[in-house]
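Me: Could you walk me through the helices and aromatic rings of this model? I have a few questions lined up.

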Amino acid sequence: MSYLKGIVIIITCWVNSVNAETIYDEARDRTIPIEITFPNNLESCSTKSKCPVVFLSAGYGVSHSKYTFLSKQFNQLGYLVIAIGHELPNDPALSVSGNLYETRSENWSRGAKTLDFLKSSLSKRFNEYDFEKLILIGHSNGGDISAWLGNENKSYIQKIITLDHRRVPLPRNSNLQILSIRAGDFPADKGVLPTEIEQEKYGSCIVNIPMAKHNDISDFGPVWLKGKINFLINSHLNGLPCSELIKA
């Protein structure tokens with residue numbers, strides 16, 4: 001019974017730390033829905049000792065609030081997490097025909113502008129957190145958006161983690177730490193993932209989970225998959241080399 005009470009307390013405390021709101025980008029006349037969750041060690045974050053920050057971008061058609069399995073882990077590891085909803089009701093639907101890299105580029109560019117705007121806006125508001133060493137993480141289209149911004153060579157991006165994104169090539173940049181976790185049911189487009197030679201050259205890492213399904217990477221997915229993804233991310237953050245992550 002005490003164990004169950006402990007779980008209830010943990011869940012309640014986490015829910016109470018969630019701040020859902022919208023941010024207005026005046027230059028683009030655009031409202032941006034976000035969900036902010038704070039690190040468990042909130043009291044240790046200060047202007048002199050800033051805590052790290054993660055920008056989490058949802059997959060297309062999935063709410064940004066449905067990746068709590070990731071947010072909770074990052075919060076436990078001491079990160080401020082900003083989960084971002086990129087799609088608004090009046091936005092054009094994501095293209096499903098033609099050359100998808102060309103027809104979807106407006107979506108990715110728009111999403112990258114949103115991330116850049118949020119970095120500028122929120123860093124002024126949350127000065128106890130380090131927005132100059134951002135981690136970008138995104139599932140599917142959210143990973144494409146993260147990769148798109150990463151290719152713009154923003155100095156404030158430290159690490160990119162994609163969860164089965166498929167369209168936008170990952171940056172080939174040794175100054176960025178890159179992890180891409182892959183499901184087994186759909187391949188990425190040609191040139192999206194670095195080759196083994198490129199991985200060695202730039203220090204990026206591609207890890208496959210053969211039994212994973214693309215659409216299961218959210219809170220709706222199976223417990224084993226969410227646990228595996230969190231294990232890989234945690235190990236990566238703790239410096240486990242790619243050769244070990246692949247075997248994990």
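Me: Are Trp-108 and Trp-148 buried or exposed?

Reply: Happy to help! This is a predicted model, where local features need pLDDT of at least 70, side-chain atom pairs count only at pLDDT 80 or more, and totals for chains, interfaces and linings use all residues. Residues are numbered from 1 along each chain as its sequence is written, and side-chain values use heavy atoms, with hydrogens and water left out. Buried means under 20% relative accessible area, exposed over 50%, and partly exposed in between (1.4 Å probe, protein chains only). By that rule, Trp-108 and Trp-148 are both buried.

Me: What span should helix α4 have at 1.5 Å a residue?

Reply: Helices (H or I, at least four residues) and strands (E, at least two) are DSSP runs numbered from the N terminus. The expected span is 1.5 Å times one less than the number of residues. Helix α4 has 21 residues (105–125), and its end C-alpha atoms lie 30 Å apart, in agreement with the expected span of 30 Å.

Me: How are the rings of Phe-74 and Tyr-79 arranged?

Reply: Rings of Phe, Tyr and Trp (its six-membered ring) pair if their centres lie within 6.5 Å; planes under 30 degrees apart count as stacked, over 60 as edge-to-face and the rest as tilted. This rule gives 7 aromatic pairs. For Phe-74 and Tyr-79, the centres are 5.4 Å apart and the planes at 80 degrees, so the pair is edge-to-face.

Me: What is the relative accessibility of Tyr-79?

Reply: Its partner Phe-74 is buried, at a relative accessible area of 0%. Tyr-79 also counts as buried, with a relative accessibility of 13%.
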